[in-house]
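Trainee: Before I rely on any of the labels attached to this model, I would like to hear the reasoning behind them.

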Amino acid sequence: AFTRAAERQPNNPDLQLNLAKIHYQLGNTDAQGEAARRAVDLRTQSLAEAYVLLGDALRKQRKYAESAAALQNALAADPKNYDVYVALAEVHRAQN
């Protein structure tokens with residue numbers, strides 16, 4: 001249902017964010033990253049969450065530098081979000 005809604009409203013950032021969350025739950029990393037990137041590009045109101053989903057997808061794809069950059073953007077959007085610090089630590093651990 002969300003996929004069809006996102007296809008009908010491709011410029012709706014909240015639909016893209018919800019689609020990224022669904023793909024995260026399903027373990028569909030590539031689609032998660034695409035939807036999260038689209039949500040970021042469309043400037044969703046939940047920008048930090050979109051960056052976290054993007055960073056997670058990039059980490060799973062072993063694109064560590066890009067993942068760290070996305071997570072740094074998440075921190076800039078929401079510096080009090082403890083989960084972002086944890087995710088960033090996971091990226092740094094995976095690099096070493």
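Mentor: What follows is a set of questions about a predicted model, each answered by setting a value against its cut-off.

Trainee: Why is Asp56 called buried or exposed, whichever applies?

Mentor: The relative accessibility of Asp56 is 14%, and the word buried is used for values under 20%, so Asp56 counts as buried. Asp56 belongs to helix H4, which runs over residues 47-60.

Trainee: Which residues does Asp56 contact beyond its neighbours within four places in sequence?

Mentor: With those neighbours set aside, Asp56 is in contact with Tyr24 and Gln32, where contact requires heavy atoms within 4.5 Å.

Trainee: What makes the pairing of Asp56 and Arg59 a salt bridge?

Mentor: The distance from N to O between the two side chains is 3.0 Å, and the criterion asks for a side-chain nitrogen of Lys or Arg within 4 Å of a carboxyl oxygen of Asp or Glu, so the label salt bridge applies to Asp56 and Arg59. In general terms, side chains of opposite charge can pair when their charged atoms come close. The 3.0 Å separation also makes this a polar contact between the side chains, for which the limit is 3.5 Å. Asp56 and Arg59 are three residues apart in helix H4, which means that about one helical turn separates them. Arg59, at 24% relative accessible area, is partly exposed.

Trainee: How do you know that Lys60 also forms a salt bridge with Asp56?

Mentor: The closest N and O atoms of Lys60 and Asp56 are 2.9 Å apart, which again satisfies the limit of 4 Å. Both residues lie in helix H4, four residues apart, or about one turn of the helix. Lys60 has a relative accessible area of 38% and is therefore described as partly exposed.

Trainee: What is the N to O distance for Glu90 and Arg59, and what does that pair tie together?

Mentor: The side chains of Glu90 and Arg59 meet in a salt bridge with an N to O distance of 4.0 Å, and the criterion is within 4 Å. Because Glu90 lies in helix H6 and Arg59 in helix H4, the pair ties together parts that are 31 residues apart in sequence. Glu90 is partly exposed, at 31% relative accessibility. Asp56, Arg59, Lys60 and Glu90 are thus linked in a network of salt bridges, and the structure holds four salt bridges.

Trainee: Why is helix H4 said to be largely enclosed by the rest of the structure?

Mentor: Ten of the 14 residues of H4 are buried, and the description follows from that count. Among them are Leu47, Tyr51, Leu54 and Ala57, and the buried residues of H4 pack against H2, H3 and H5.

Trainee: What agrees with the expected span in helix H2?

Mentor: The 14 residues of H2 should span 20 Å at 1.5 Å a residue, and the end C-alpha atoms are 20 Å apart, so the two values agree. At the N-terminal end of H2, Asn12 acts as a cap, with a side-chain oxygen 3.0 Å from the backbone nitrogen of Asp14. H2 is followed by Gly27, whose phi is positive, near 75°.

Trainee: What makes the phi values of Arg43 and Arg62 worth pointing out?

Mentor: Most residues other than glycine have a negative phi. Arg43, however, has a positive phi near 60°, and Arg62, which is not a glycine either, has a positive phi of about 65°. Arg43 is in the loop between H3 and H4, while Arg62 is in the loop between H4 and helix H5. Exposed means over 50% relative accessible area, so Arg43 at 51% qualifies, as does Arg62 at 66%.

Trainee: Why is Gly33 called buried, and which residues does Gly33 contact?

Mentor: Gly33, in helix H3, has a relative accessible area of 9%, and is therefore buried by the cut-off of under 20%. Leaving aside neighbours within four places in sequence, Gly33 is in contact with Leu54 and Ala57. The C-alpha atoms of Gly33 and Leu54 are separated by 5.0 Å, although the two residues are 21 residues apart along the chain.

Note on methods:
Residues numbered from 1 in each chain as written. Predicted model: local features only at pLDDT ≥ 70, side-chain atom pairs only at ≥ 80, totals over all residues. Heavy atoms only, no water. Helix = DSSP H or I, 4+ residues; strand = E, 2+ residues; numbered from the N terminus. Buried < 20%, exposed > 50% of the residue type's maximum accessible area, 1.4 Å probe, protein only. Polar contact = N/O pair within 3.5 Å; in protein donor to acceptor, adjacent residues only side chain to side chain. Expected span 1.5 Å × (residues − 1).
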